[in-house]
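The following note is offered for use alongside the sequence and the coordinates. It takes up the fold first and the charged pairs afterwards.

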Amino acid sequence: MSTATLSSPRTTSSNDQGELYCIAVPATRSAVRVARESVQAILRPYPELIDDAKVCVSDALAFTLAQTPEHATVTVTVWLRRTYVAFVIEDSDGPSVNLYDLTPRDIATAPMLAITRQRAIYLGVSRVWDGRRRSTCVYLALPIEGQVPA
């Protein structure tokens, strides 16, 4: 196994809709560390977001891995917008079809997401089905300091 450092990330898309980054990591113990380091590199232009983003992504990734541990990879998508940054943490191995969203009460009973609920302007958890097995997807958004989300 080899390791790499994400020192200057490249966007997969950049236009008036923001910048989109997608990080696929093996669903192992090191996944949380790799995701945190990747998020830190991506958010380097926004130092005020880095700490909260790393905590929230760690929370969401740990929650996702605990829900459906049979997946080989986890994908962290980061979408930089003008007033906020959105994250999608998903353990699906392929395109998924949304089956149902957890209710706010369900999310409130998920202790692993307590810190994320305090920091995020939006938090959603979805159970999905990729055609073979159950998956979990966590969506969250953090405001960019000094900006009011649209």
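What percentage of the 150 residues of the chain count as buried?

1. The model under discussion is predicted. In it, 41% of the 150 residues count as buried. The accessible surface of the chain amounts to about 8400 Å², and carbon and sulfur atoms account for 53% of that area.

2. As to secondary structure, the chain contains seven strands and four helices. Read from the N terminus, the order of elements is β-β-α-α-β-β-β-α-α-β-β. When contacts between residues at least 6 apart in sequence are considered, 64% of them join residues at least 24 apart.

3. Side chains of opposite charge can pair when their charged atoms come close. The structure holds two salt bridges, and each is treated separately below.

4. One salt bridge joins the side chains of Arg 33 and Glu 37, with an N to O distance of 3.4 Å. Both residues belong to helix H1 (residues 31-42), where they are four residues apart, about one turn of the helix. Arg 33 is partly exposed, at a relative accessible area of 36%; Glu 37 is likewise partly exposed, at 43%.

5. Another salt bridge pairs Asp 52 with Arg 119, whose closest N and O atoms are 2.8 Å apart. This pair links distant parts of the chain: Asp 52 lies in helix H2 (residues 47-67) and Arg 119 in helix H4 (residues 114-119), with their positions 67 residues apart in sequence numbering. Asp 52 counts as partly exposed at 30% relative accessibility, and Arg 119 counts as partly exposed at 33%.

Terms used:
Residues are numbered from 1 along each chain as its sequence is written. This is a predicted model: local features need pLDDT of at least 70, side-chain atom pairs count only at pLDDT 80 or more; totals for chains, interfaces and linings use all residues. Side-chain values use heavy atoms; hydrogens and water are left out. Helices (H or I, at least four residues) and strands (E, at least two) are DSSP runs, numbered from the N terminus. Buried means under 20% relative accessible area, exposed over 50%, partly exposed in between (1.4 Å probe, protein chains only). Contact means heavy atoms within 4.5 Å. Accessible areas come from the Shrake-Rupley method with a 1.4 Å probe; for residues, only the protein chains shown count as cover. A salt bridge is a side-chain nitrogen of Lys or Arg within 4 Å of a carboxyl oxygen of Asp or Glu.
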